[in-house]
Amino acid sequence: MARVRLPWLAVVAVTLGASACSGPAAPPESTGPVGRRVDALARRHGVPRDLVLAIAVEETGLTLPKYRVVSPADLVPIAGILELRHGKLDTLALGASLMGMTEAALSADTELGTEAGVRVLATLGPTGDDQLASWRDAIAKLSGLADPGEYVARVYSLLRYGGSFPARDGEAVVIAAHPEIPLGLTIAPPRAAPLATPDFPGSEWFDTSCTNKCNTNRPDGNAAVDTVVIHDTEGGWNASVATLQYDSGKSVHYIIDADGSRWGQFVPETYTAWHAGNYCYNKHSIGIEHVGVASDPAGYSDALYAKSVEMVKSIATRWAIPLDRDHVVGHYQMPNGDRIAECSPPCGLGLDACESSADYGGSGNHTDPGYHWQWCQYMERLGSSCKCNDAWPLWNCTTDKTQAWRCNAGTLEKGECTAGCESMPIGTDDVCHVAAGTGGSAGATGLGGAAGVAGSTASGGAAGGGWISDDGGASGGASGASGVGGADAGALPAKGSSGDDGGCSCAVPRSRERAPLAPLALAGLGLALLRRHERGRRARS
């Protein structure tokens with residue numbers, strides 16, 4: 001019997017061995033500046049090169065610009081491609097100490113911040129051990145998260161299966177596959193039961209102490225909650241979660257990831273979170289952080305907006321919050337209580353005036369969510385409307401290129417760009433393309449008639465007008481009160497042109513190549529053949 005079974009068992013042994021017993025692959029040699037920098041730092045400090053890159057991919061840090069403009073008021077201060085931060089372990093402070101530099105200097109210079117990150121990792125890791133499986137505890141500590149299980153599993157998944165990943169300036173870095181990593185390291189352990197049930201369904205609960213971060217009640221009573229404040233984090237998901245769990249003096253109710261795929265809650269809605277830089281508003285508001293960077297011209301993804309709209313509607317239903325721009329506001333609109341009355345109304349000036357005024361943005365003059373947040377499109381999705389001051393004087397494409405908006409002499413105007421929207425140089429109207437037969441813009445803005453917008457395809461040209469109808473304008477309808485495009489539009493101030501929101505909101509997702517299934521499939525095939533042979537043997541006996 002043994003002689004019959006051995007060949008079939010050998011099939012299973014070979015296939016399983018191909019999956020679990022292969023030796024580590026030699027790390028590929030980098031060709032771009034980001035990869036070469038990591039190669040050199042890893043060799044110098046005795047850290048596995050592919051481990052550094054896998055953590056950087058998980059952190060979404062590979063695409064950070066070489067130099068960054070940072071502010072002491074940034075909610076989530078980060079440094080380098082490993083995004084050192086103020087988490088359970090304050091890796092940003094540790095990195096600054098190891099480098100003999102300030103945290104601000106590391107945050108502003110990504111190269112220096114990356115070196116600090118590698119040095120921190122070397123300090124946390126096993127001395128002289130290049131076996132990737134031995135670095136589990138170091139990865140967990142580096143994360144700064146209260147529960148790092150999923151984080152560690154994702155890093156090890158990246159290492160086990162490898163892949164090519166985008167880095168700064170179009171570079172691609174390659175992580176070799178490491179099948180020697182035990183499969184168990186790629187599987188997150190079950191999470192402990194959360195201390196509370198999220199108010200918004202589907203939220204991941206992040207247990208957060210309120211010590212020096214928030215109040216466990218609403219001093220004016222729960223009925224006073226009447227405002228939602230929109231923020232952005234200025235750091236990636238992991239850095240933001242760790243910071244908001246542990247960094248003193250700051251908290252928020254919710255967070256949404258950049259691609260809208262996950263969202264979480266830190267404290268109950270009945271708690272007063274410290275998020276607005278204004279205690280008067282903190283007492284009666286709920287804050288939502290959106291993972292992103294205010295200065296990123298790519299803007300925010302459509303999926304993030306969709307999840308944010310869903311969340312705000314849910315909050316508004318629970319608290320009877322009006323869905324208008326007086327009650328759904330940006331952090332940049334918060335009064336600075338050091339200069340004006342803390343309970344003053346939110347800034348109602350234009351985007352530029354509010355963001356540049358020292359009277360607003362809360363105590364730290366915050367400017368989030370920034371110029372690239374599409375207030376008009378966002379409020380429309382909430383079933384409401386923006387204000388004229390939420391738009392620029394010139395036609396401006398939304399980052400998803402489906403609409404264009406402007407504030408024309410106090411009148412808000414919108415165009416539906418059924419054939420896309422084309423960003424033009426600063427000082428020029430963006431061009432809204434209207435597909436043939438789709439008609440013009442709708443609604444009370446007065447843009448165009450039923451037959452279409454623009455009288456000719458030249459209306460988006462040198463004259464500065466913003467509209468092109470793909471039917472050549474033969475059936476173009478009437479424009480709004482001051483005309484669409486032409487001399488009137490071209491004479492408006494340049495601020496707010498395509499340079500303010502250029503780019504597409506279709507953010508390139510992280511390259512996260514999933515595990516090849518071939519080894520497991522072969523193992524399954526071997527087991528199936530073994531069972532088939534056993535059934536045949538029994539049938540013949």
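# Report on a predicted single-chain model

Gln245 touches Leu145, Ala146, Phe206, Asp207, Thr208, Lys213 and Phe266, leaving aside residues up to four places away in sequence; a contact here means heavy atoms within 4.5 Å. Gln245 belongs to helix H9 (residues 237-246). Gln245 is buried, with a relative accessible area of 7%, where buried means under 20% relative accessible area, exposed means over 50%, and partly exposed lies in between (1.4 Å probe, protein chains only).

The structure is a predicted model, in which local features need pLDDT of at least 70, side-chain atom pairs count only at pLDDT 80 or more, and totals for chains, interfaces and linings use all residues. Residues are numbered from 1 along each chain as its sequence is written, and side-chain values use heavy atoms, with hydrogens and water left out.

## The chain and its confidence

The chain has 15 helices and 16 strands; helices (H or I, at least four residues) and strands (E, at least two) are DSSP runs, numbered from the N terminus. Of its 541 residues, 51% count as buried. Among contacts with a separation of 6 or more, 67% come from residues 24 or more positions apart. The accessible surface of the chain comes to about 22,200 Å², and carbon and sulfur atoms hold 57% of that area. Such areas come from the Shrake-Rupley method with a 1.4 Å probe; for residues, only the protein chains shown count as cover.

The mean pLDDT of the chain is 81, and 75% of its residues reach 70 or more; pLDDT is the predictor's confidence in each residue, from 0 to 100. Over residues 1-21 the pLDDT is below 50, and this stretch has 22 contacts in the model beyond near neighbours in sequence. The pLDDT is also below 50 over residues 441-465, a stretch with 78 contacts beyond near neighbours in sequence.

## Salt bridges

A search of the whole structure finds 24 salt bridges, each being a side-chain nitrogen of Lys or Arg within 4 Å of a carboxyl oxygen of Asp or Glu. The table gives three of these pairs, with the distance between N and O atoms.

| Pair | N to O distance |
|---|---|
| Asp302 and Arg381 | 2.6 Å |
| Arg325 and Asp390 | 2.9 Å |
| Arg318 and Glu269 | 2.7 Å |

Arg318 lies in helix H11 (residues 302-319) and Glu269 in the loop between strand S7 (263-265) and strand S8 (272-273), so this pair ties together parts that are 49 residues apart in sequence. Arg318 is partly exposed, at a relative accessible area of 35%, whereas Glu269 is buried at 2%.

The bridge between Asp302 and Arg381 links distant parts of the chain: Asp302 is in helix H11 and Arg381 in helix H13 (residues 375-381), 79 residues apart. Asp302 is partly exposed, with a relative accessible area of 38%, and Arg381 is partly exposed as well, with 28%.

In the third pair, Arg325 sits in the loop between H11 and strand S10 (328-330), and Asp390 in the loop between H13 and strand S11 (396-397), 65 residues apart. Arg325 counts as buried at 5% relative accessibility, and Asp390 counts as buried at 11%. Elsewhere, salt bridges that share partners join Arg37, Arg44, Glu111, Glu115 and Arg168 into one network.

## Helices H6 and H11

Helix H6 (residues 110-124) has 15 residues, which at 1.5 Å a residue should span 21 Å; its end C-alpha atoms are 21 Å apart, which agrees. The expected span is 1.5 Å times one less than the number of residues. At the start of H6, a side-chain oxygen of Asp109 comes to within 3.0 Å of the backbone nitrogen of Glu111. Buried residues of H6 include Glu111, Glu115, Val118 and Leu121. The buried residues of this helix pack against helix H2 (33-45), helix H3 (49-59), helix H4 (91-99), helix H5 (103-108) and helix H7 (136-143).

Helix H11 has 18 residues with an expected span of 26 Å, and its end C-alpha atoms are 26 Å apart, which agrees. Among its buried residues are Leu304, Ser308, Met311, Ile315 and Trp319. Their cover includes strand S5 (227-232), strand S6 (254-256), S7, strand S9 (285-290), S10 and H13. An α-helix has 3.6 residues a turn, so residues three or four places apart point the same way. H11 is followed by Ala320, whose phi is positive, near 55°.

## A loop residue

Thr428 lies in the loop between strand S14 (421-422) and strand S15 (431-434). Thr428 counts as partly exposed, at 25% relative accessibility. Thr428 and Trp395 are 33 residues apart in sequence and 8.1 Å apart in space, C-alpha to C-alpha.

Technical notes. A polar contact is a pair of N or O atoms within 3.5 Å; within protein, one must be able to donate a hydrogen and the other to accept it, and residues adjacent in sequence count only if both atoms are side-chain atoms.
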